[in-house]
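User: Please take a close look at one hairpin in this model, and then at what surrounds the rest of the chain. I am new to this, so explain the terms as you go.

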Amino acid sequence: MLVIPTSLPVLDRNSTVAIIGGGFSGTMQAINLLRHDGPAAILIERRESRLGRGVAYSAAHPDHLLNVRAGNMSALPDDPTHFVRWLVREGLGDASTFVPRTTYGQYLSEMLDNAAQSAGSRLKIVPATAVVIRQEAGRQVITLADGRSIEADALVLAMGNLPPHAPPGFHESALGPDVYADDPWAGDICEGLTSDDAVLLLGSGLTAIDAALLLDAKGFRGRIIALSRRGLVPHAHWDQPRSPSEIAELPPTQASDLTRFVRSRAQERPWRDAVDDLRPLTQRLWAACAPIQRERFLRHLRPYWDIHRHRLAPQVAARIAQLQAEGRLGFVAGKTVSCDPGAGFLNVTLRPRGESNSETLKVRRAVNCTGPQGDLLRTHDPLLGQLLASGTIRPDQLRLGLDIDDQSRVIGRDGNANDSVFAIGPMTRGGLWEVVAVPDIRHQTWTLARRLANAHWVGGEGL
């Protein structure tokens, strides 16, 4: 991959950084710019209800809990107890608590409100949709859907996850929203269901767990089937927090060798601890992997990594187990082949894993829970399409999201790193892999803000 290094733009307090996307990534990018006394920030978000919250915290039900204990959920990497202090002050828990995602959304919204009040004109929040971005005379010009234009000295893309792709057999069918929900967060997946109905969840990961909890919380008493290629289900966290053990040297990057390494450590200590020990090293491991090793990991190990690494709160795991014991929730290994709509139902043809024969399942509704995607070549997002067509951005080699360099600069079609356009958040997983959760994104936004504010030299860093 050809990446020609360039220098970061020289920005000061008179400069402006525009941020596209007001979820966790974009919100913390704006807040950290202000905390480091850097350039003014313009935060552009098309949905006001998602400001400071994003999809993860704005569309959540009170039964949806964080998958990480509160003690590791501070939004500020330089103030690790920030969230816990807020939680205790509000009487909502302590460091060991798995709090509702709605509570975390409240925390983020309050941070944004406080930043806006103290920053005055240095933080501008624009509820609008960005449709075109172009560079003119060294500045970034953002055209909004209502015709207005905004100019900035630098641009940060913080657009979160893309909606899931349609599973095989579904994208070819003309399915109405009554029988097929292509995005579990875009509408009410429970509307119109009765206890005699069956619902098919396409996927068995964290999104499917959320969907099952939502159906249960809203009173659905019918049957829920979660289908994925391997039928794997996320594991549960320890009941009590535990401290990881430091790994002295970087583990092997060959997928098979790394698997043996983790299994060996799991013989000496519980497997959860063995997996958690890798957490501080994951991005370094990913960076050290050759492209073919990354491809092998995604093809063979990713599903197993996901269920061991991204775990459920103990009370969530207990509720899922109860739904299974009651016969209301089942997990099936297989893949969809086709889907034919009927009058208020779907006939879904699937092939169970390891079998050659197919079977047909009649369900009242199917919900796409395959999880967020990042393939720029399959997205229908107009802004990403425009940036791709103009050559400003390009997909990473694995088509997980945007191609970036080690300073979060986007890499264009010509292979050059753009010195005034940056990307943060889950869409940069191709370069970092572990950048989908708060503990990872908070460091990414903080580091980029320090660079843009020319504050990364403070404390001798870089000397």
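Analyst: In the hairpin of β5 and β6, 4 residues lie between the strands, and G147 takes a positive phi near 100 degrees. Strands here are DSSP runs of E with at least two residues, helices are runs of H or I with at least four, and both are numbered from the N terminus. The model is predicted, so local features need pLDDT of at least 70 and side-chain atom pairs count only at pLDDT 80 or more, while totals for chains, interfaces and linings use all residues. Residues are numbered from 1 along each chain as its sequence is written, and side-chain values use heavy atoms, with hydrogens and water left out.

β5 (residues 139-144) pairs with β6 in the antiparallel sense over 4 bridges; two strands pair if DSSP finds at least two bridges between them. Opposite S149 in β6 stands T143. In a regular strand the side chains alternate between the two faces of the sheet. β6 (residues 149-152) shows such alternation: I150 and A152 point to one face and are buried, whereas S149 and E151 point to the other and are not. Buried means under 20% relative accessible area, exposed over 50%, and partly exposed in between (1.4 Å probe, protein chains only).

Beyond the hairpin there is a sheet. This open sheet has 7 strands in the order β8-β14-β9-β10-β11-β12-β13, with mixed pairing. β8 (180-181) and β13 (359-363) stand at its edges with a single partner strand each, so one side of each has no neighbour in the sheet. Within the sheet, β9 (residues 198-202) and β10 (residues 223-228) pair in the parallel sense over 5 bridges. L202 has L227 in β10 as its bridge partner.

Next come the nonpolar cores. A nonpolar core is a set of buried Ala, Val, Leu, Ile, Met, Phe, Trp, Tyr and Cys residues joined through side-chain atoms within 4.5 Å. The largest has 42 residues, of which I19, F24, F83 and Y104 touch the most other members. α4 gives the most to this core, with 7 residues. F24 touches Y57, A75, Y104, L108, V438, I441 and R442, leaving out residues up to four places away in sequence; contact means heavy atoms within 4.5 Å. A second, separate core of 28 residues includes A181, V199, L215 and A226.
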